[in-house]
Amino acid sequence: MNRIWAIIERDLRRFRRSPTLIIVSMVMPLVQLVVLGYAFGGKIKNLKVGVVDQDHGVPAVKLKEMFQAVAANARTFDTIPYTDQAIALRDLRNGRINGVLNIPPNFSRDALAGNSPRIALVEDNTDQFSASALEGTLDQLLVPYNTKSIPPRLSPDATLSIVEIYPYVPYIQYLLPGTIVLAIFVSAMIGGGIIYIDDKARGLHEGYLVTPIRKLELIMGFNLSGAIKAVIAGVVLVTCGSLIAGIPDPFNAARLARMLVVVMATSLALISMMFLLMVRVSDPLVPRAIFGVLNTVLFFPSGAVYPTQSFPGWMKVITAVDPMTYAVHGFKELILKNTGLMAVSYDIAYLLGFAALTMAAATLLFRRTL
Amino acid sequence: MADVEVESLTKRFGDFCAVDALTFTVEHGEIFGLLGPNGAGKSTLIRMLTTLVPPTSGTARIFGFDIVRDANSVRQSIGVIPQAMTSDLDLSAEENMSIFAKLYGIPRDKRRRTIRELLKAVDLEQWIDKPVKMFSGGMRRRLEIARGLVHEPKIFFLDEPTTGLDPVSRVAVWDMLARLKQERDLTILVTTHYMDEADKLCDRIAIVDHGKFVALDSPLKLKASIPGKNILEVSFSEIPPGWEDVLKRLPDVAEVKGEDHVFRISSNNGPRTTIELLEAARKAGVTVASLSVQSTTLDDVFVHYTGHQLRDALQSAPGYSSEFMYDRK
């Protein structure tokens with residue numbers, strides 16, 4: 001046990017003297033949280049929609065007034081009147097406007113005759129986000145337009161009432177669980193990957209190997225010291241990230257304690273995984289080379305930035321085994337829903353099981369000789 | 001029982017044989033030097049003896065403990081200074097030593113006392129709290145030597161401890177090793193390619209080449225084993241035909257090797273050969289451009305046994321008498 005502590009002590013003393021690398025590992029995810037959170041999180045505004053009115057009838061004017069009301073209030077889009085449809089379509093293709101709304105010549109006649117009047121939206125679907133925002137707003141706009149002035153006494157239409165059980169969650173808050181996991185991952189990558197292999201290449205491990213330390217003591221020492229540093233990164237991200245993302249009551253002691261449990265389980269799982277990946281590596285370039293790939297392969301399928309339900313089958317397989325998936329899920333429950341530990345017990349169990357399995361595999365593969 | 005007993009120890013990396021069936025012993029209290037060019041197999045041998053590399057075949061015992069079956073007992077009883085400087089730059093001298101004392105399981109009360117004693121022994125007492133990044137190369141090496149002794153081993157393995165150090169630091173490290181050996185009753189096994197150091201400090205030297213010992217004896221006997229007691233290096237401005245034969249006929253000359261106008265003459269009586277050489281040159285009207293006379297050094301032994309000349313000379317070397325010598329045939 002003393003030998004395990006000696007390894008941990010050495011690592012933590014070095015960390016205290018030159019913490020630059022670990023601080024960098026915390027700064028990168030925080031920057032990502034702020035930039036991605038605000039880049040993706042905002043509502044889409046001021047899209048440009050060309051309106052070609054080929055009808056000029058009273059129902060068409062009513063429709064255009066409703067568009068202008070949106071432009072003036074919600075500002076999802078601004079309308080630009082066109083007289084020539086061909087010019088409007090050319091501007092759409094050139095990217096000057098995001099969509100063209102066409103009111104055909106017989107719109108008013110059909111509307112007054114109750115003959116299913118139609119309007120057309122020609123949209124730039126290379127930008128899915130803007131296109132769906134435009135579609136959504138126009139769909140909503142047509143509901144009041146279609147409302148009869150004297151509604152029937154008994155309506156056969158079914159309606160959907162939506163009940164939101166949690167307060168509105170801005171995207172930056174949705175992103176925070178993933179950011180905490182990312183900070184733990186980066187710390188594991190630097191501590192358990194880059195620094196570990198650099199030490200090995202510099203001959204530092206040779207110093208350990210000539211002492212009577214046992215294989216398991218060495219592995220436990222490396223893993224625990226890496227996990228402690230990852231926990232520090234995780235705790236810093238939990239507090240700073242909560243403040244930046246505007247999580248209500250960020251210093252709730254009970255929730256922080258529950259988060260610490262998930263931070264520790266995540267740190268152990270990720271550092272053990274990293275150690276398993278690095279156990280036979282001796283070239284310092286390897287951890288640097290796989291850093292980006294590993295980050296992409298594990299972070300994006302975890303559901304940190306987009307719901308996992310949308311993934312193709314092969315990616316769902318990664319999602320199912322990826323420890324980050326369970327970590328992200330755990331933090332989402334605790335941060336966004338303020339649940340108890342029972343709600344995340346499966347996540348914690350998976351992370352600890354994953355850590356035990358990878359550490360066992362690393363112990364088998366670890367060579368106590370050069 | 002010798003401190004180190006090695007029997008047919010071999011290490012192969014694929015088809016390459018790094019250490020080829022070595023057999024030797026190191027007695028208690030000896031400083032045993034392994035001298036050889038880079039890639040000769042010195043480090044691989046030390047790494048096998050210190051349990052870092054498993055041997056392909058053969059056995060070795062340190063204090064009777066087998067290096068494979070009893071590896072942990074071997075580790076507990078040896079001190080090792082690897083070739084690379086492995087002290088932590090961010091940690092202080094005391095912290096570096098304390099971590100290793102803990103790895104060796106030294107109890108807390110003894111730890112502090114031993115560390116202070118050792119740092120004093122290597123003249124680093126006043127640097128005890130300073131981070132190692134402030135240390136020079138020589139100071140770091142001294143700290144590592146102290147670190148290797150923290151569990152009071154009786155045998156000490158050092159792999160090129162002075163490589164990369166300036167001449168002053170090299171002398172300091174060797175002086176310190178000699179002193180520590182006396183004070184702590186150590187057996188030392190050391191690799192080096194500095195022959196002057198090996199000459200001064202080692203009780204016995206093994207010359208290693210291609211994974212084999214080409215010679216093993218005390219420095220004195222090794223020097224006596226090669227032709228001549230003195231080496232004359234002489235260059236002439238111009239030489240008449242048959243001049244090399246004239247040189248070979250000079251009194252006490254054991255061997256002459258020449259290239260262009262420069263000759264290397266092994267002589268059993270340097271001063272006499274020198275006088276006769278100058279006289280012969282005067283008579284023949286040959287101008288001596290430069291001349292130096294020196295005693296045989298380990299450099300000459302080294303070149304003799306490992307250089308290209310060696311391969312020719314080994315076949316017919318006179319005075320090849322030591323019982324520890326190994327023929328490379």
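1. Two residues are taken to be in contact if their C-beta atoms, placed from the backbone, lie within 7 Å. On that basis, the contact between the two chains takes 22 residues from chain A and 22 residues from chain B. The structure under review is a predicted model, and the remarks below should be read accordingly.

2. On the side of chain A that touches chain B, the elements that give two or more residues are α1 and α8 (204-209) of chain A. Of these, α1(A) gives the most, with 8 residues. In chemical character, the residues of this side of chain A divide into 8 nonpolar, 6 polar and 8 charged.

3. Ile8(A) merits a separate remark, since the residue is placed in helix α1 (residues 2-17) of chain A. Is Ile8(A) buried or exposed, or does it fall in between? Ile8(A) counts as partly exposed because it has 19 C-beta neighbours inside 10 Å, whereas a buried residue needs 20 or more. Apart from its neighbours within four places in sequence, Ile8(A) is in contact with Gly221(A), Leu224(A), Ser225(A) and Ile228(A). The C-alpha atoms of Ile8(A) and Leu216(A) are 14 Å apart in space, although 208 residues separate the two in sequence.

4. The domain assignment of chain A gives domain 1 (2-39 + 170-365) and domain 2 (44-145). Taken over C-alpha atoms, the centres of these two domains of chain A are separated by 49 Å. Residue numbers place Ile8(A) in helix α1 (residues 2-17), and domain 1 of chain A includes the segment 2-39.

5. For chain B, the domain assignment gives domain 1 (4-218) and domain 2 (227-295). The centres of domain 1 and domain 2 of chain B, again over C-alpha atoms, lie 43 Å apart.

6. Strand β3 (residues 31-35) of chain B is mostly covered, with 5 of its 5 residues buried. Which residues of β3(B) lie on one side and which on the other? Ile31(B), Gly33(B) and Leu35(B) are on one side, Phe32(B) and Leu34(B) are on the other, and both faces of the strand are covered.

7. The pairing of β3(B) involves β8(B) and β9(B). β3(B) pairs with β8(B) in the parallel sense over 5 bridges, and in β8(B) the bridge partner of Phe32(B) is Leu189(B). With strand β9 (residues 204-209) of chain B, β3(B) also pairs in the parallel sense, over 4 bridges. In β9(B), Leu35(B) has Ile207(B) as its bridge partner.

8. Helix α6 (residues 167-184) of chain B has 18 residues and reaches 26 Å from its first C-alpha to its last, close to the 26 Å expected at 1.5 Å a residue. Buried residues in α6(B) are Arg170(B), Val173(B), Trp174(B) and Leu177(B). Why can they be said to line one face of the helix? Seen down the axis of α6(B), the buried residues fall within an arc of 95°, so they line one face. In general, an α-helix has 3.6 residues a turn, so residues three or four places apart point the same way.

9. The buried residues of α6(B) pack against α5 (137-148), β8 (187-192) and α7 (195-201) of chain B. Strand β8(B) thus appears in two settings: it pairs with β3(B), and the buried residues of α6(B) pack against it. The face of α6(B) turned away from the buried side carries the exposed residues Val168(B), Asp175(B), Arg179(B), Gln182(B) and Glu183(B). Just after α6(B), Asp185(B) takes a positive phi of about 55°.

Methods. Residues numbered from 1 in each chain as written. Chains lettered and ligands numbered in written order. Predicted model: local features only at pLDDT ≥ 70, side-chain atom pairs only at ≥ 80, totals over all residues. Buried ≥ 20, exposed ≤ 12 C-beta atoms within 10 Å, placed from the backbone. Expected span 1.5 Å × (residues − 1). Arc of directions from axis to C-beta. Domains from an automatic or database assignment. Nonpolar A, V, L, I, M, F, W, Y, C, P; charged D, E, K, R; others polar. Pairing = 2+ DSSP bridges.
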